[in-house]
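These are my notebook entries on a structure that I had not examined before. I set down each item as I looked it up.

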Amino acid sequence: MSFSAAWLELREPYDRRARNPAVLDAVAAALAGRPSVTIVDLACGTGSTFRALRPRIKAWQSWRLVDNDLSLLARAPQSSPPDVSVATIPIDLNRDLEAALDGPADLITTSALLDLVSDEWLQRLVVEAAVRRLPVHAGLSYDGRVEMNPADADDPKIIAAINAHQRTDKGFGPALGPQAAQQAIERFERVGYAVVQGASDWVFAPQDREIQVEILSGWAAAARDTGNMPLPDVIGWLTRRRDLVAAGRSSIRVGHIDFFARPIDTR
Ligand SMILES: C[S@@+](CC[C@H](N)C(=O)[O-])C[C@H]1O[C@@H](n2cnc3c(N)ncnc32)[C@H](O)[C@@H]1O
């Protein structure tokens with residue numbers, strides 16, 4: 001599945017605002033006191049997680065930014081401030097997750113990835129992190145909650161279609177979709193990790209027109225693809241929703257979860 005740089009740029013300020021502060025604090029606290037840290041960012045896109053985490057970590061930082069999309073990697077930070085070194089690494093994480101984690105590392109981080117992966121891939125991640133005793137920070141996993149205001153009679157059908165579409169294959173096998181964060185948290189706890197978790201919902205106010213239109217169009221396309229809803233109903237829903245956005249009367253909340261999992265006998 002491919003993601004455009006324009007979409008990642010549009011969502012980044014909302015992601016930044018949504019990131020759970022308690023989870024970010026837990027990441028920073030776990031790394032505090034070290035003179036240097038090495039961080040692997042899985043599915044980095046253009047570097048949104050790097051930009052969000054870097055200022056919070058008070059140590060010399062070496063980042064490995066990993067993605068399989070060369071055009072996104074080309075837009076990721078190539079040069080960096082004096083206290084940071086950055087390497088961009090093209091890797092297909094479905095095929096070569098283990099290679100992405102080889103080499104020195106103190107933290108695995110990722111954002112907006114886990115809801116795309118299969119349970120099998122998640123288990124690979126848990127095993128590879130646990131054998132290396134590495135903490136894992138995962139931001140912005142969609143959790144299935146959507147609230148649109150004002151409500152429309154067809155919202156529940158659209159939300160059901162989105163959540164069904166979320167579970168289709170995104171390149172890693174059948175995706176965990178809305179179950180991803182809870183499944184990951186349970187799997188990490190079962191292998192001896194302590195987990196800090198918190199909501200990181202997107203909140204779009206009436207003036208956030210551009211991102212609302214983009215999201216609503218994506219949801220309509222997902223509903224169309226599932227075939228669970230007659231096309232005229234999808235068109236009618238999208239038309240009404242777009243009209244509300246244009247009139248400055250639409251607000252939307254989309255549920256996400258952030259977590260930080262660390263092996264219990266480390267700080
Ligand atoms: C929703 S974007 C999130 C990007 C970034 N983490 C962020 O928060 O802006 C998902 C990312 O996963 C990457 N991706 C998808 N499948 C991949 C794969 N098989 N190997 C490596 N990266 C992959 C995409 O290229 C994209 O950058």
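In which element is leucine 140 found? I located leucine 140 in strand 5. I kept in mind throughout that the model is a predicted one.

Entry on backbone angles. I looked up phi for leucine 140 and noted a positive value near 60°, in a residue other than glycine. I then checked whether leucine 140 is buried or exposed. Its relative accessibility is 1%, and the cut-off for buried is under 20%, so leucine 140 counts as buried.

I turned next to arginine 133, which also is not a glycine and has a positive phi, here of about 55°. I placed arginine 133 in the loop between helix 6, residues 119–131, and strand 5. For arginine 133 I recorded a relative accessible area of 44%, which makes the residue partly exposed, since that class lies between 20% and 50%.

Entry on the peptide bond at proline 150. I noted that asparagine 149 and proline 150 are joined by a cis peptide bond, with omega at about -5°. I found proline 150 in the loop that runs between strand 5, residues 136–149, and helix 7.

Entry on two helices. I recalled that a pair of packed helices is described by the distance between the axes and by the angle between them. I looked up both for helix 7, residues 155–165, and helix 9, residues 209–226: the axes come within 8 Å and cross at roughly 75°. Angles from 65 to 115 degrees count as roughly perpendicular, and helix 7 and helix 9 are therefore roughly perpendicular to each other.

I then listed the residues through which these helices meet. Helix 7 contributes Ile158, Ala161, Ile162, Ala164 and His165, while helix 9 contributes Trp219, Ala222, Ala223, Asp225 and Thr226. I sorted the residues of this contact by type and obtained 7 nonpolar, 2 polar and 1 charged.

Entry on the ligand. How many residues surround the ligand? I recorded 18, of which the closest are Ala43, Asp67, Asp92, Leu93 and Ser111.

I looked up polar atoms beside ligand nitrogen for three residues. For alanine 43, a polar backbone atom is 2.7 Å from a nitrogen atom of the ligand. For serine 111, a backbone N or O atom lies 2.9 Å from a nitrogen atom of the ligand. For aspartate 92, I noted a polar side-chain atom that lies 2.9 Å from a nitrogen atom of the ligand.

Technical notes:
Residues are numbered from 1 along each chain as its sequence is written. This is a predicted model: local features need pLDDT of at least 70, side-chain atom pairs count only at pLDDT 80 or more; totals for chains, interfaces and linings use all residues. Side-chain values use heavy atoms; hydrogens and water are left out. Axes are lines fitted to C-alpha atoms, for helices over the stretch in contact, and angles run from 0 to 180 degrees between N-to-C directions. Helices (H or I, at least four residues) and strands (E, at least two) are DSSP runs, numbered from the N terminus. Angles under 35 degrees count as roughly parallel, over 145 as roughly antiparallel, 65 to 115 as roughly perpendicular and the rest as oblique. Contact means heavy atoms within 4.5 Å. Ala, Val, Leu, Ile, Met, Phe, Trp, Tyr, Cys and Pro count as nonpolar, Asp, Glu, Lys and Arg as charged, and the others, Gly among them, as polar. Buried means under 20% relative accessible area, exposed over 50%, partly exposed in between (1.4 Å probe, protein chains only). A residue is near a molecule or strand if one of its heavy atoms lies within 4 Å of it. A polar contact is a pair of N or O atoms within 3.5 Å; within protein, one must be able to donate a hydrogen and the other to accept it, and residues adjacent in sequence count only if both atoms are side-chain atoms.
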